[in-house]
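User: Could you pick one part of this model and take a close look at it for me? I'd like to see what sits around it and how it connects to the rest, in one connected story if you can.

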Amino acid sequence: MSAATWLPQGTVYGTLLNFRREWHLWAPKMTEAPYKAAPTAPVLYVKTANTFAPCGAAIAVPGEVEVGAALGLVISDSQSNVPSARGGQAKEAINNRVLECVLLADLSLPHASYYRPPIKFRNRDGFLGCGPASVPLTLADIAALKLEVRVNGGAVQAVDLSTLVRDAATLLADVDEFMTLQPGDVLMLGTDCLPDGTRPRAKAGDRIEISAPGFAPLHHTLIEEAT
């Protein structure tokens with residue numbers, strides 16, 4: 001597959017509530033029904049294969065969409081997950097481990113709840129814009145990474161991966177407690193919100209670009225969905 005047409009080869013999992021800002025905004029509601037407590041394990045959802053859109057593709061939207069800039073961890077062959085660190089040497093070994101990473105644009109129709117996002121909002125055709133290529137990064141490099149989101153050339157969001165609730169190593173280890181990630185699967189670290197709790201929005205005719213140091217930019221143009 002050419003660099004310009006990178007697409008996931010396995011299942012893509014998104015992670016909810018994994019940025020401190022959004023966690024704190026939602027914390028007062030976490031004790032409400034039906035859960036009545038804050039989640040103790042990662043809250044995941046699936047982006048199905050019909051959502052995969054290669055870099056540069058035109059993505060059809062029925063109206064305004066939310067743009068979630070994300071970094072995806074591409075799972076390799078034998079070691080899907082990272083064990084918890086024990087002591088200084090173990091932590092250093094984990095931080096120096098190299099993972100393939102890819103920029104992703106996780107699109108969604110606006111909706112009120114992030115606890116159990118309905119498939120019809122997140123899994124429409126083309127609603128996962130994929131970067132042109134994966135890039136090898138250490139876990140320490142990931143923690144220092146910042147993603148920039150632009151709509152029509154104007155900066156609308158900066159996503160700081162040092163503000164994750166679970167960093168990459170912790171998220172992988174916690175997911176490993178209840179499921180096995182297969183080679184080719186992709187685990188998104190999460191998408192951050194803006195200070196007011198919303199996400200950047202875009203509509204038909206807009207151009208979205210997500211960039212980060214060391215990555216070729218991910219870009220897409222939104223077009224109006226046929227009725």
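Analyst: **Strand β1 and its surroundings**

L16 stands opposite V43 in strand β2. That pair is a handy way into β1, the part I'd like to dwell on; keep in mind that this is a predicted model.

Strand β1 covers residues 12-16, and 5 of its 5 residues are buried, so the rest of the structure largely encloses the strand. The burial holds on both faces: V12, G14 and L16 are buried on one side, and Y13 and T15 are buried on the other.

What does β1 pair with? One partner is β2, residues 43-47, which runs antiparallel to β1 and is joined to it by 5 bridges. The opposition of L16 and V43 belongs to this pairing. β11, residues 186-188, is joined to β1 by 2 bridges, and here the two strands run parallel. On that side, Y13 has L187 as its bridge partner in β11.

Now follow the chain out of β1. L17 sits in the loop between β1 and α1, the helix at 20-26. The backbone there is worth a look: L17 has a positive phi of about 55°, and it is not a glycine. L17 also counts as buried, because its relative accessibility is 5% and the cut-off for buried is under 20%.

The end of β1 and this loop also border an internal void. How many cavities of 30 Å³ or more are there? The count is 2, and the largest holds about 70 Å³ of space. Among the residues lining the largest cavity are T15, L16, L17 and N18, along with W23, P42 and V43. So L16 and V43, the facing pair I started from, both appear in that lining. P39, A41, V165, R166 and L171 are in the lining too. Sorted by type, the lining has 9 nonpolar residues, 2 polar and 1 charged.

R166 is worth following from that lining, since its side chain meets that of D174 in a salt bridge, at 2.7 Å from N to O. Is R166 buried or exposed? At 14% relative accessibility, R166 counts as buried, whereas D174, with a relative accessible area of 24%, is partly exposed. Elsewhere, K47, D106 and R122 are joined into one network by salt bridges that share partners. K47 takes us back to the neighbour of β1, as β2 spans residues 43-47.

In general terms, side chains of opposite charge can pair when their charged atoms come close. The structure holds 12 salt bridges, and one of them ties into the helix that follows our loop. D192 forms a salt bridge with R21, with the closest N and O atoms 3.9 Å apart. This pair links distant parts of the chain: R21 is in helix α1, D192 is in the loop between β11 and β12 (201-202), and 171 residues separate them. The two ends differ in burial: D192 is buried, with a relative accessible area of 5%, while R21 is partly exposed at 37%.

A further salt bridge leads on to β12. The side chains of E64 and R201 meet at 3.4 Å, N to O. E64 lies in the loop between β4 and β5 (65-74) and R201 in strand β12, so this pair ties together parts that are 137 residues apart in sequence. Both ends are partly exposed, E64 at 42% relative accessibility and R201 at 38%.

For context beyond β1, there's also an open sheet of 5 strands, ordered β4-β14-β13-β9-β10, with mixed pairing. β4 (58-61) and β10 (154-160) stand at its edges with a single partner strand each, so each has one side left without a neighbour in the sheet. On average, neighbouring strands of this sheet are turned by 25° against each other, ignoring direction. At the β10 end, 6 bridges join β10 to β9 (146-151), and the two run antiparallel. In that pairing, V149 stands opposite Q157. The loop between β9 and β10 contains N152, and there's an echo of L17 here: N152 has a positive phi of about 55° without being a glycine, just as L17 does.

Note on methods:
Residues numbered from 1 in each chain as written. Predicted model: local features only at pLDDT ≥ 70, side-chain atom pairs only at ≥ 80, totals over all residues. Heavy atoms only, no water. Buried < 20%, exposed > 50% of the residue type's maximum accessible area, 1.4 Å probe, protein only. Helix = DSSP H or I, 4+ residues; strand = E, 2+ residues; numbered from the N terminus. Pairing = 2+ DSSP bridges. Axes fitted to C-alpha atoms, helices over the stretch in contact; angles between N-to-C directions. 1 Å grid on protein atoms, 1.4 Å probe; cavity = no way out; pocket = protein on both sides within 12 Å on 5 of 7 lines; lining within 4 Å. Points joined across faces, edges and corners; volume = space filled by probe spheres on them. Nonpolar A, V, L, I, M, F, W, Y, C, P; charged D, E, K, R; others polar. Salt bridge = Lys/Arg side-chain N within 4 Å of Asp/Glu carboxyl O.
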